Each structure stands twice: as C-alpha cells, then as structure tokens.
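Work through the exercises below with the sequence and the model side by side, and try each task before reading its solution.

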Amino acid sequence: RCQSVNTEKERKSNRNLLDNASNLLTNFLSGGSIGSMPIAEGAVTDLFGRPLFFSLYDWFLEHGSVYKLAFGPKAFVVVSDPIVARHILRENAFSYDKGVLADILEPIMGKGLIPADLDTWKQRRRVIAPGFHASYLEAMVKIFRTCSERTISKINQLLEQEGNDGQKLVELDLEAEFSNLALDIIGLGVFNYDFGSVTKESPVIKAVYGTLFEAEHRSTFYIPYWKVPLATFIETDVEKLQQRDYLNLKDASLLRFLVDMRGADVDDRQLRDDLMTMLIAGHETTAAVLTWATFLLSQNPDKMRKAQAEVDSVLATGTPTYESLKKLQYIRLIVVESLRLYPQPPLLIRRSLKPDVLPGGYKGDKDGYAIPAGTDVFLSVYNMHRSPYFWERPDEFEPERFLVQRTNEQIEGWAGFDPSRSPGALYPNEIISDFAFLPFGGGPRKCVGDQFALMESTVALAMLLQNFDVQLKGTPDSVELVTGATIHTKNGLWCKLTKRSNFH
Ligand code: HEM
C-alpha cells in the first residue's frame, strides 16, 4: 500500500516535471516567448512628460500583466502581477541580478548590498541582516522619538514666533522637514553620527543630492570611523553581540555592530559601501512615506481624526515606545497604506542571468513567457499595489483594507490575503498578501531595514498628529509628482500647521 502511495507521488512529480518541460517547449515553439509578448511602444516624451510609472500603469491595463516595453532598440519586460513577481524575486531569485540598477548605483554605493553582485551580496547579507535584531530596533525607537521631538519643538518655536494673539498657524514644507528628520535618524542609526539637520539654522543640505554628497564625504573622509580603534576586542559571536544592553549602549549603531562583527576578511572600502548604501536606502524612502501619509491624511479628515483619537488614547501626553507601537494599530496601517499607494521605489529592476520561463500572469497572458538570458525586467510595484485585479477601489486611501482577510477563490495561483501566514508580524507584508503588497520587495534580496523604516514612520507620524492639526496649503492637484528613486513632490509638501487645541 505504502509503496503504491509513493509510486503515485512519484508519478505525480514526474508528471509535473514533464508538464514543466513540455510547457517550456510549447512556449518556445508556439511563440510564448518574449517575441510574442504584447508590446507597448514608448515614446521618448513618455520619459519626460510625466513620471514613467503612470504610463506603465496605462499600458498594464491595456496590454496585460506582462508586456514588452520598447524604446527604440531597447526593450524591457514590464511585470505587474504578484505571481510573476513572486517567481522572479523569490522562487527563481538567483537567476536574476540588478542589471541596469547596479550600473546606476555602483558609483555611489560601490559594492554595497543593493547593487552588489551575488558573491559579495551573499557574504555581506549574512553579516548585515543580523544587525537589525530586536534590541537594536528597541534602541532605535528611542532615537526616532528624540529626533521627532526636535522636529516638533522646531515647529512649536515657529508657532511661537507667530505672536500670541489669535489662532497661531505656520506654513511649512513638510517634505523638507521629513527629509531632515529622516537624515538625522539614519545618521544616528547607521553611524551614530548626528547630522543635526533638523535644528541647524541652515540645514546641512537643501537638495537631496547635496545631502548624499555631504554624507558620502563625511563617511569617507572627515570621520574615518573605522580606522579609529573603537573596539579593544573583535567580537564575532552574533548572538553575544545581539544580547548586549542596546538601550544603554552609548553607541547602538549598525557601524558599531559591523565593526565588532567584522573579521579580517572585510576591508574598509566594503564597510564604507555597506554603510553608504544604508544611509541612502534609509533616508529618502522613509521621508517619502511620511510625506505621502501626510498628503493622504490631509485629504481624508475623518481618517486624520480617527488617527489622532488613537494616538490620544494610546499615548495621552506621553511619547511612543517600542511597546506602545503595538497599540498604534491605525497609525501602522496608515503607514503601510501610504506605501501601497506610493511605493518607494515604484519599480524594482532585474536582469535575467539565464533563460527563464515566467509563470502565467493573472490577466491577459495565462500561459507565461520564456525569456532569454540578459532580459531587462521592470517589476512595477506601483502597478501591483494599484492592480484592479487584486484590490478593491485600488486608488482609494483606505488603511482599514488590511484588516480584511481575502481568499483566493477567483485568482488561480494566488494564495490570497491571510495574516496567519506571518504570525506576530506588526505590519502587513508580502507574505501575508502573497506578493500583492510588496513595499520592501521579497525573497532573499528583500529590504533589511523594513522594520526600522516602518517603526520610524509610525513614531514620527504619531508624534506629528499628536501635536498638530495639518492641512494642505494648496489643492491636492497642485502637489505635482516627480520620480527618481522615490516618488516625491515637485515643489514640496506645503502645509498649514496649528497646535492641536485639545492637546496640552
Ligand atoms: C532593499 C524599500 C528603508 C536598507 C530594499 C528593497 C526595497 C526597499 C523595495 C528591495 C530592492 C530590490 O529588490 O531591488 C525600502 C523602503 C524603505 C526602506 C520603502 C523605507 C520606507 C530602508 C532602511 C534601510 C534599508 C531604513 C537601512 C537602514 C536596504 C538594503 C537593501 C534594501 C541594505 C538591499 C538588500 C539586499 O539586496 O539584500 N529596500 N527600504 N532600507 N534596503 Fe530598503
């Protein structure tokens, strides 16, 4: 009996193998290849007239969830489907590298984790990922709080200057404030270095590129941190390092962890590249989450009030702690909903290292396509996050949507939305949503700083809403979008802030 069960199993698995092989063959023979993909012809004006991801969305609705985008002789495969994304990012992750992205980022990030080739990545990921352990995050919450307090007192001071009569109001570009705040936080979290950009009269940097240059300069030249004999011993036992009393360590930064972790095999250049990468990866992205969360809340006063009510009931007049983050559920959902609508970056980039067969997408191309080695792929997170096939009212700001469990009865190959797949997770993620929601990517190259960034955004947003009422200065339409690595505004997020009347 047992034998016959096994044989049946074997038969099944042989059948699967055969099915796969014959699918491959059929794809090649019947033209289920890159050549037969729907084609969107891009005009150069698409690159300049408006952010590219808007056009990619229109073509997604027109051509389906896997299409070829041709710009003259250059072609990209654009993927807007969770099942295909799951395949590229997780199931077949090592058949892809970062392609054009690595070329763009290499000059500034060197061999840092984001652009790193597979060999470097394997070595460094093993060392860096453990740096984001629970006690480190707990120590970071203290930093998030202290830095947010500086932003709040700066706004309070501006309000004071408005004079004492009548309703005090200040007009401020909150995007710039969030950028300063996120820079101070990431500087302290990564190097234990205080940029002090929130409080300085003239901020260290106005433009983001200026910021990055300054940061790079400081990290490589002015303060050659890792040349200083910081540690009298080299501790390489990860667990021992993780068990230190991070809350009371003077320097809980990642630099300190990595310096203490490093063996003789890591050179200064690599350490610099790793830290630089994290500084860049963690700065603009988090500032953008706060910017869009504020933008969305300002257009949804009911949700703003609901968020403020939660903050008042959880924190009263106190400040957020690692523990109280668990109770700030609505704020956490606002953060993730903002990341759904404005993912940073809106596209993930890959290049196939060997031939591959993509699984059938949900719409338009059920059979999947074979792609040759060297194919450039754009995974449009923006499209997946606003896909009408996977989300109800995809363009609406509705943090509550993450509380609803969904089964997969209509969508073949998609496991649905189920929080029990990621027990204990504080925030919805790509596992819970089976790659329909993937703000931090997924698979082995998923963001290492996801919890850092989510907690940082939650603390900063909670404290802002606790202290101020925020309104947009102009109309929502006047806030134009532009994109680089992140989605940001063209001229800042100008808001009117008043001290909350019921808050003392
Ligand atoms: C990778 C998003 C904050 C460090 C990634 C990826 C995404 C992402 C989508 C995957 C890229 C890909 O697959 O091509 C974000 C967002 C953030 C954020 C939306 C803020 C809201 C941070 C922070 C840090 C960080 C705070 C560090 C302190 C990294 C690193 C990688 C990465 C090192 C590369 C991981 C690897 O290749 O193994 N991030 N990130 N990120 N992120 Fe983040």
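**Exercise 1.** Find which residues come nearest to the ligand, and which elements supply the shell around the ligand.

*Solution.* Begin with the 22 residues around the ligand, where a residue is near if its C-beta atom, placed from the backbone, lies within 6 Å of the molecule; of these 22, Gly-282, Gly-441, Cys-447, Gly-449 and Ala-453 come nearest. This is a predicted model, in which local features need pLDDT of at least 70 and side-chain atom pairs count only at pLDDT 80 or more, while totals for chains, interfaces and linings use all residues. Residues are numbered from 1 along each chain as its sequence is written. Next, locate the elements that give two or more residues to the shell, namely helix H6 (118-128), helix H12 (268-298) and helix H16 (450-467), with helices being DSSP runs of H or I of at least four residues, and strands runs of E of at least two, numbered from the N terminus. H12 provides the largest share, seven residues.

**Exercise 2.** Locate Ala-316 and decide whether Ala-316 is buried or exposed.

*Solution.* Ala-316 sits in the loop between helix H13 (301-315) and H14, and has a positive phi of about 50 degrees although it is not a glycine. Then count neighbours: a residue is buried with 20 or more other C-beta atoms within 10 Å of its own, exposed with 12 or fewer, and partly exposed in between, C-beta atoms being placed from the backbone. Ala-316 has 9 C-beta neighbours inside 10 Å and therefore counts as exposed.

**Exercise 3.** Find where Pro-345 lies and what kind of peptide bond joins Gln-344 and Pro-345.

*Solution.* Pro-345 belongs to the loop between helix H14 (329-341) and strand E6 (347-352). The bond joining Gln-344 and Pro-345 is cis, with omega about -10 degrees.
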